[in-house]
Amino acid sequence: MPKRYSLTVEGMHCAACAETVAKALRSVKGVKSATVNFATERALIETDDRVDFRQLATAVENTGYKLSTQTSKFSLNKPLDENDAQILETAVGIISVELLPNLRSSAPAVSIRYLDGTISRHDLLKHLKSLGYQAQLIDEVTEKPTHDEAQASWKRAWIGLAISFVIMLLTMHPSLVHQAWARWMSFALATLVVAWVGTPFFRRAIAAAMQRTATMDTLVSIGALSAYTYSLWALLAWHEPKEHIQHLYFDSATFILSAISLGKGLEARARAIATSSLRNLISLLPSKAKVIRKGVEQDLPLEAIQVGDIVSVRTGERVPVDGIVVSGKGSVDESLLTGEGEPVDKGKGDEVLGGSLCVDGFLQVEALRVGESTFVAQMARFMDEAQGTKPKMQRLADKFAAIFVPIVLLLAAATFLGWLSFTGDLTKAFVATVSVTVIACPCAMGLATPTAIAVALGRIAQMGILVRNAEVIEKAPSITTLVLDKTGTATRGQMKVKEVWVKNDGFMTLDEVLMLAASAEQGSLHPIAQAIVQAAKERKLNLLQPSEIRAEIGWGVSAKLSAITTSRSHEDVHQKFADSEVFVGKIDVSELQENSTLQEWLESGWNTVGVWLNGKLVGCIALADELRSDAVEAIHRLKAIGIKVYLATGDKPRIAMKVAKQLGCDEVLALATPQRKAQLVGQLQKEGERVLMVGDGINDAIALSQADIGVAFATATDLTAQAADALMVTEQLTVLPEFLVFAKRTKQIMMQNLFWAFAYNMAALPLAAAGKLNPMVAAIAMALSSITVVGNALRLRR
């Protein structure tokens with residue numbers, strides 16, 4: 001079965017770089033598909049079991065880039081056997097296994113290096129345990145560019161710019177132009193900057209050339225080295241006295257490298273902000289937790305927590321696992337996970353999600369899902385994979401970017417030959433050619449849509465919607481019709497007692513009818529039974545103990561009641577029902593029509609069950625599935641933005657029409673089977689409508705697949721089990737119009753970015769070829785073009 005992995009790629013600077021890495025990954029045996037996102041620096045690959053992850057790392061390194069790795073060091077209870085080390089090296093994602101001396105103790109240790117995003121520390125511990133070793137994590141290193149390295153690069157760019165201004169003074173000031181020492185000093189300073197600042201560009205350009213491809217680094221390297229080489233030739237060819245000396249462009253060479261390095265640094269910071277939502281999500285889980293084992297509370301690393309452990313959570317702490325509250329009370333903020341704005345009160349028996357914040361109180365939580373199984377980990381994986389997908393307009397932009405650099409190189413050659421042929425002026429030909437290579441910016445095209453998508457996915461997740469594929473955001477603005485499932489979607493999917501009716505003979509009260517029904521139903525899992533029992537609990541009714549329970553499928557349940565109550569208080573109240581037989585179940589419609597109250601229930605579409613005591617009807621209970629609190633407002637907002645709303649339900653026409661009228665829907669489909677819902681979606685599409693289907697993800701799977709966009713409600717336990725394009729992890733239906741409006745805004749930003757990226761290049765390249773732009777101005781314009789695109793995408797954060 002194919003497996004998907006999301007890997008971090010280091011060193012990419014443009015869309016052409018991303019395509020080079022993708023080609024390298026696809027060339028490895030066992031890789032079925034690979035897409036690389038330049039903006040998020042992630043590679044999403046699909047592989048079979050034959051893939052060798054060491055070959056993946058090598059293939060990418062051969063292109064001049066690198067897959068991010070992690071190294072975890074474990075202490076062991078015994079030395080690692082060589083055969084076991086070889087077995088470990090065959091595990092998913094592992095690059096190398098090395099035996100180490102443990103400097104902290106006499107125990108043996110092992111260092112395992114693996115690709116980031118392929119295997120977790122918890123899985124490594126399981127592998128070691130399966131081989132018979134007791135292991136404990138002693139150190140972990142993420143092999144990514146460090147903060148110090150990034151700061152050093154930033155410093156080099158600023159120093160390079162400062163030196164460039166000095167060189168500019170030496171080569172352009174009237175009193176220094178003819179001074180030999182000034183010209184040679186500019187050469188020395190330029191050589192320092194070109195070697196110091198330019199080496200990363202040159203290294204990547206050479207690696208790209210070895211792969212028979214060209215990237216932004218190729219253009220920058222050619223431009224800077226051309227300026228440097230031409231200036232060196234002019235310097236060596238200069239002899240005094242001369243009336244007309246050749247101008248030196250050492251300042252252009254250094255300024256190009258320094259300005260673009262600085263621009264790339266600013267761009268990287270902006271991209272980090274744009275993609276921060278995913279990192280923020282991952283960081284929600286604490287690294288340690290307070291775990292109670294054998295009555296003792298101890299701090300343990302997150303990967304050491306097991307299902308069934310009891311963890312303590314105090315005010316101000318984040319819940320480390322998904323679980324059930326077994327003790328304590330508290331208010332929990334789940335806004336970053338579900339979009340729920342207000343803190344939710346939690347007590348014994350309530351479920352809590354890992355990553356949520358305890359804003360007040362104290363909770364003891366039994367772990368149900370830990371590590372990669374938690375809701376927040378699934379959300380992060382969901383978003384990560386979504387960021388790895390590409391909408392149609394991005395794929396088109398990437399195709400153009402892939403051939404853009406070769407086109408620019410041909411244009412540069414044509415510019416040089418054109419100027420030289422028509423003017424015979426080598427200097428002008430050189431300046432125009434350098435400007436063409438430097439001003440071309442494939443980066444802006446590569447960043448135009450993925451940065452907007454990355455920001456949008458984070459914002460949409462904050463609303464409570466998880467998008468599986470970036471194409472959903474591209475399709476959403478064209479939606480014209482929404483088909484809404486009723487049960488569990490427009491409604492809560494939970495039955496609730498609406499009213500109780502008792503026969504007017506003075507023998508029983510309303511509470512006694514409800515008590516009898518709840519006593520008989522208290523062991524049932526049927527939704528109606530659970531609603532009746534819940535209503536009795538809310539009224540604090542003491543239930544009788546049932547015996548000889550018999551369930552008649554499709555009809556109801558009967559039970560014999562004893563005088564013993566489930567609560568030890570007020571036992572005497574129930575003596576008149578001792579040894580009575582109760583039946584709770586369907587009632588004949590004709591009996592309902594004979595009573596005005598029951599007739600109203602029937603017309604309201606409520607479910608009605610009868611309660612019989614010793615074979616005599618004593619009362620009825622009406623139940624209904626309530627509309628979600630914001631359902632009416634959500635439909636109103638959808639219609640306000642021009643969306644037609646259809647209600648699709650399996651209910652009878654009378655009930656369906658009543659609910660549709662309550663909601664304000666435009667049309668309704670009653671008696672709708674899953675197949676009929678799919679047919680409705682298909683028919684609307686044939687009529688030219690673009691359909692968004694919202695359902696429960698199980699019964700509506702066919703219609704969800706048929707729709708242009710399928711949105712399903714999801715819970716923490718079934719987040720990955722749905723077959724929809726997007727999942728709602730919030731209970732609020734009002735996020736649907738918010739999502740559609742935001743998607744429209746996102747698409748506008750994407751189109752603005754693409755327009756700017758293409759318009760910039762289409763306008764700048766002819767100007768540069770015509771000799772209207774200085775190389776230094778071209779370098780600034782090139783750097784600003786990428787920053788402008790990213791900055792525009794960041795507007796979506798507001």
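## Strand β3 and its two partners

Of the 798 residues in the chain, 51% count as buried, where buried means under 20% relative accessible area with a 1.4 Å probe and protein chains only as cover. This is a predicted model, in which local features need pLDDT of at least 70, side-chain atom pairs count only at pLDDT 80 or more, and totals for chains, interfaces and linings use all residues. Residues are numbered from 1 along each chain as its sequence is written, and side-chain values use heavy atoms, without hydrogens or water.

The chain holds 27 helices and 28 strands; these are DSSP runs numbered from the N terminus, with helices (H or I) of at least four residues and strands (E) of at least two. Its accessible surface is about 36,000 Å², and carbon and sulfur atoms account for 55% of that, by the Shrake-Rupley method with a 1.4 Å probe. Take the contacts (heavy atoms within 4.5 Å) between residues at least 6 apart in sequence: 70% of them join residues at least 24 apart.

Now to strand β3, residues 42-47, which is mostly covered, with five of its six residues buried. Two strands count as paired if DSSP finds at least two bridges between them, and here are the pairings of β3:

| Partner of β3 | Sense | Bridges | A bridge pair |
|---|---|---|---|
| β1 (residues 3-10) | antiparallel | six bridges | R4 with E46 |
| β2 (residues 31-37) | antiparallel | six bridges | T35 with L44 |

With β2, strand β3 also forms a hairpin, leaving four residues between the two strands. In that turn, E41 has a positive phi of about 60 degrees.

Terms used. Buried < 20%, exposed > 50% of the residue type's maximum accessible area, 1.4 Å probe, protein only.
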